[in-house]
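Me: Hi! I have a protein model open and I'd like to talk it through. Can you help me find my way around?

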Amino acid sequence: MIEVKGLYKGFNGVEVLKGITTSFEAGKTNLIIGQSGSGKTVFLKSLIGLHIPEQGSIIFDGRVNTEMNTEQKRQLRQEIGMVFQGSALFDSMTVEENVMFPLKMFAKLSKSDMLEKANAVLKRVDLIGSNLKYVSELSGGMQKRVAIARAIVMNPKYLFCDEPNSGLDPQTAIIIDNLIKEITEEYQITTVINTHDMNSVMEIGEKIVFLKDGVKAWEGSNKEIFKTDNEAIVNFVYSSNLFKKVRQAYLNETI
Ligand SMILES: Nc1ncnc2c1ncn2[C@@H]1O[C@H](COP(=O)(O)OP(=O)(O)OP(=O)(O)O)[C@@H](O)[C@H]1O
């Protein structure tokens with residue numbers, strides 16, 4: 001579980017995050033949504049430790065970020081898996097080498113133990129048989145699977161995903177979303193996903209934090225989004241006519 005308390009972060013005197021308080025439970029897919037420029041990336045980077053907040057705290061299963069020593073921070077970094085926008089894989093490496101990369105960097109394992117772990121996660125993401133292919137030979141959806149396999153190979157407690165299904169067709173995007181959701185539940189990972197995708201919100205948004213101008217304007221689940229009368233979130237999510245109709249049908253109990 002990650003608890004966030006009164007988080008402030010700004011740049012050159014301009015506040016971007018303005019006192020965010022929320023929490024993200026283990027085993028759940030937690031989503032951060034909001035308009036462009038609302039502070040989602042700054043928030044995600046603050047959670048990962050790439051930005052140092054001016055005020056507030058981030059508590060990782062009881063460990064307060066501001067109270068950790070160097071060794072504790074190093075330990076925490078090893079418990080974090082990341083899936084970046086665009087996958088951020090190494091083109092010059094095979095699938096297997098990409099997945100083993102974190103193990104080579106952080107774990108003292110024999111080649112055969114690394115291979116065993118890589119194969120286990122590649123199996124989990126349905127990529128067995130692609131071990132020796134180069135990233136450039138894979139489709140976008142397969143590349144995301146490799147990125148997910150690499151993110152979970154160290155058995156992370158926390159998984160951060162930045163726009164994990166950007167650039168994918170809607171069907172593949174939902175498959176990738178559901179894969180992340182299943183893995184999150186299976187391994188009881190605390191997963192936080194930064195997304196623009198309303199399908200993801202509806203499909204896997206077990207907890208949604210909606211940011212507006214650096215402030216948490218709403219939080220709740222995908223089911224609650226249908227019922228809420230919070231104007232900010234309704235206007236954001238139901239900006240399309242289709243979603244407006246779906247919401248109305250849900251409220252009228254015709255779906
Ligand atoms: N390193 C930085 N230095 C200065 N300003 C920054 C920096 N990073 C982000 N900002 C500013 O913080 C604000 C929020 O940016 P952020 O990237 O978090 O938005 P976002 O919600 O992720 O947007 P998008 O959906 O377009 O990715 C923007 O006004 C941006 O210019």
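Reply: Happy to! Let's start with a term: two residues are in contact if their C-beta atoms, placed from the backbone, lie within 7 Å. Keep in mind that this is a predicted model. Among its contacts with a separation of 6 or more, 65% are between residues 24 or more positions apart.

Me: Cool. How many helices and strands are there in the protein?

Reply: The protein has 10 helices and 10 strands. Its radius of gyration is 19 Å, close to the 18 Å that the globule rule gives for 255 residues, so the protein is as compact as a globular protein of that length.

Me: And what box do the C-alpha atoms fill?

Reply: Roughly 55 × 45 × 30 Å, taken along the principal axes. As for the inside, buried residues make up 35% of the 255 residues.

Me: Let's do sheets. What's the order of the strands in the open sheet of six?

Reply: The order is β6-β7-β8-β3-β9-β10, and the pairing is mixed. β6 (80–83) and β10 (215–220) are at the edges with a single partner strand each, so one side of each has no neighbour in the sheet. From one strand to the next, the twist averages 20°.

Me: Do tell me about β7 and β8. In which sense do they pair, parallel or antiparallel?

Reply: Parallel: β7 (residues 158–162) and β8 (residues 190–194) pair over five bridges. If you want a spot to click on, Asp162 stands opposite Asn194 in β8.

Me: Which strands of that sheet does helix α1 touch?

Reply: Helix α1 (residues 40–48) packs on the sheet and touches β3 (29–34), β6, β7, β8 and β9 (207–212). Its direction makes about 150° with that of β8. Helix α5 (residues 140–152) packs on the sheet too, touching β6 and β7, and its direction makes about 170° with that of β6.

Me: OK, now the open sheet of four strands. What's the order there?

Reply: That one goes β2-β1-β4-β5, with antiparallel pairing. β2 (14–24) and β5 (63–64) stand at the edges, each having a single partner strand, so one side of each is left without a neighbour in the sheet.

Me: How many bridges join β4 to β5?

Reply: Two bridges, and β4 (residues 55–60) runs antiparallel to β5. There, Phe60 stands opposite Arg63 in β5. You'll meet α1 here as well: α1 lies across β1 (2–11), β2 and β4, running at about 60° to β2.

Me: Changing topic: which residues are around the ligand?

Reply: They are Phe11, Val16, Gly34, Ser36, Gly37, Ser38, Gly39, Lys40, Thr41 and Val42. Helix α1 gives the most to this shell, with three residues.

Me: How do they divide into nonpolar, polar and charged?

Reply: Three are nonpolar, six are polar and one is charged.

Me: One last thing, Gly141. Where is it found?

Reply: Gly141 is in helix α5.

Me: And why does Gly141 count as partly exposed?

Reply: Because Gly141 has 17 C-beta neighbours inside 10 Å, while a residue needs 20 or more to be buried and 12 or fewer to be exposed.

Me: Which residues does Gly141 touch?

Reply: Leaving out residues up to four places away in sequence, Gly141 touches Leu168, Thr172, Ile175 and Ile176. For a distance to try yourself, Gly141 and Ala88 are 13 Å apart in space, C-alpha to C-alpha, and 53 residues apart in sequence.

Me: Great, thanks!

Note on methods. Residues are numbered from 1 along each chain as its sequence is written. This is a predicted model: local features need pLDDT of at least 70, side-chain atom pairs count only at pLDDT 80 or more; totals for chains, interfaces and linings use all residues. Two strands pair if DSSP finds at least two bridges between them. Axes are lines fitted to C-alpha atoms, for helices over the stretch in contact, and angles run from 0 to 180 degrees between N-to-C directions. A residue is near a molecule or strand if its C-beta atom, placed from the backbone, lies within 6 Å of it. Ala, Val, Leu, Ile, Met, Phe, Trp, Tyr, Cys and Pro count as nonpolar, Asp, Glu, Lys and Arg as charged, and the others, Gly among them, as polar. The radius of gyration is taken over C-alpha atoms; the globule rule is 2.2 Å times the number of residues to the power 0.38.
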